[in-house]
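The exercises below ask you to read a protein model step by step. Try each task yourself before you turn to the worked solution beneath it.

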Amino acid sequence: QVPCTRPVLVQPVCLCAAAVPTLQVLFFQTQFSTMKGTKCPAIEGLEFLKGNADAVPVPGKVTVVEFWATWCPPCRTSIPHLTEIQKKYAGKVVVVGVTNEDAAACKPFVDQQGSSMDYVVASDAEESAYTGLMEPSGSRGIPTAFVVDAEGTITFFGHPMQPDFETAIEDAVRKMKPAKVTASREELNSKSVGELKAILRDHGVSSTGCVEKSDIVNLIVEKCT
């Protein structure tokens, strides 16, 4: 895939389909070396066209920030793939599609996609996302996706149809730390032994040595809260 020129200086160019995949990969790898391992800045001022997010990146979850536009054919091609990613990693990953197009002009397109575009979509009218991610990366090509791990670190930058894209998501999900247990002791006591043992497994704690249900509850309170 190679960059296509677009005669609007404030717009990113469109990474069109198919011609020279190797060139496209090298294009991203050159820029990615300066982004990997850096903290993702807080992206503010987004106008949400579908779904919502209290903060971007989403604290404690893997966040995919994907830059796209309605006029970009490869961007439209990647929409179903991003929906699959969101469904596959539901609860752990939040996909946010960001366009710098006018919200009112873009909203009908988003609505028309229906369930095929089943993730958070926002307009970046204030260009917070663009100046925070795209400009520092040196890229003006779209679609471009940034994978941000649960700690807020950028672990991938590139085309969302690259195999390495989902690999980066899988790696980030695998390294996620389980959320602290906030349930009260009474709430824990109402759960089954199987549910309680699952909580311990999620936190990497063995239930070996627990004889009574109360032992498991005590261990959760001690190790997982």
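**Exercise 1.** In which hand, left or right, does helix 2 cross helix 5?

*Solution.* Bear in mind from the start that the model is predicted. Helix 2 passes helix 5 in a right-handed crossing. To place the two elements, find residues 73–88 for helix 2 and residues 163–174 for helix 5, which pack at an angle of about 15 degrees with their axes 12 Å apart. Angles under 35 degrees count as roughly parallel, so helix 2 is roughly parallel to helix 5. The next step is to look at the residues that meet: His-81, Leu-82, Ile-85 and Lys-88 belong to helix 2, and they meet Phe-165, Glu-166, Ile-169 and Glu-170 in helix 5. Sorted by class, this contact holds four nonpolar, one polar and three charged residues.

**Exercise 2.** Describe how helix 7 and helix 8 pack, giving their angle and the distance between their axes.

*Solution.* Two packed helices are described by the angle between their axes and the distance between the axes. For helix 7 (residues 193–202) and helix 8 (residues 213–223), the angle is about 30 degrees and the axes are 10 Å apart. This angle makes helix 7 roughly parallel to helix 8, and helix 7 passes helix 8 in a left-handed crossing. On the side of helix 7, the residues in the contact are Val-193, Leu-196, Lys-197, Ile-199 and Leu-200, and they meet Lys-213, Ile-216, Val-217, Leu-219 and Ile-220 in helix 8. When these residues are sorted by class, eight are nonpolar, none is polar and two are charged.

**Exercise 3.** Is Ile-154 buried or exposed, and which residues does Ile-154 touch?

*Solution.* Begin by locating Ile-154, which lies in strand 9 (residues 154–158). A residue is buried when its relative accessible area is under 20%, and because Ile-154 has a relative accessibility of 1%, Ile-154 counts as buried. Then consider the surroundings: leaving aside residues up to four places away in sequence, Ile-154 touches Met-35, Lys-36, Gly-37, Thr-38, Lys-39, Cys-40, Leu-133, Phe-146, Val-147 and Val-148. For one of these partners, Lys-39, the separation can be stated in two ways, since the C-alpha atoms of Ile-154 and Lys-39 are 6.0 Å apart although their positions lie 115 residues apart along the chain.**Exercise 4.** Which residues of helix 4 are buried, and what does the backbone do on either side of helix 4?

*Solution.* Helix 4 covers residues 128–137, and its buried residues are Ser-128, Ala-129, Tyr-130, Leu-133, Met-134 and Ser-137. Now look ahead of the helix, where Glu-127 is placed in the loop between strand 6 (120–123) and helix 4. The phi of Glu-127 is near 60 degrees, which is a positive value in a residue other than glycine. With a relative accessible area of 31%, Glu-127 is partly exposed. Just after helix 4, Gly-138 also takes a positive phi, here of about 80 degrees.

**Exercise 5.** Which residues does a cis peptide bond join, and where are the prolines placed?

*Solution.* One cis peptide bond joins Val-56 and Pro-57, with omega at about 0 degrees, and Pro-57 is placed in the loop between strand 3 and strand 4. This loop, between strand 3 (47–50) and strand 4 (62–67), also holds Ala-55, which counts as partly exposed at 33% relative accessibility. Measuring from C-alpha to C-alpha in the model, Ala-55 and Ile-43 are 7.4 Å apart in space and 12 residues apart in sequence. A cis peptide bond also joins Ile-142 and Pro-143, with omega at about 0 degrees, and the place of Pro-143 is in the loop between strand 7 (141–142) and strand 8 (144–148). From Ile-142 you can step to Pro-73, for the two are 69 residues apart in sequence and 9.9 Å apart in space, C-alpha to C-alpha. Pro-73 is found in helix 2 and, at 42% relative accessibility, counts as partly exposed.

**Exercise 6.** How many helices and strands does the protein have, and what percentage of its residues is buried?

*Solution.* The protein has eight helices and nine strands, and buried residues make up 45% of its 225 residues. The accessible surface comes to about 11,300 Å², of which 53% belongs to carbon and sulfur atoms. Finally, among contacts with a separation of 6 or more, 66% are between residues 24 or more positions apart.

Terms used. Residues are numbered from 1 along each chain as its sequence is written. This is a predicted model: local features need pLDDT of at least 70, side-chain atom pairs count only at pLDDT 80 or more; totals for chains, interfaces and linings use all residues. Side-chain values use heavy atoms; hydrogens and water are left out. Axes are lines fitted to C-alpha atoms, for helices over the stretch in contact, and angles run from 0 to 180 degrees between N-to-C directions. Helices (H or I, at least four residues) and strands (E, at least two) are DSSP runs, numbered from the N terminus. Angles under 35 degrees count as roughly parallel, over 145 as roughly antiparallel, 65 to 115 as roughly perpendicular and the rest as oblique. A crossing is left-handed if the near helix is turned anticlockwise from the far one by less than a right angle, and right-handed if clockwise. Contact means heavy atoms within 4.5 Å. Ala, Val, Leu, Ile, Met, Phe, Trp, Tyr, Cys and Pro count as nonpolar, Asp, Glu, Lys and Arg as charged, and the others, Gly among them, as polar. Buried means under 20% relative accessible area, exposed over 50%, partly exposed in between (1.4 Å probe, protein chains only). Accessible areas come from the Shrake-Rupley method with a 1.4 Å probe; for residues, only the protein chains shown count as cover.
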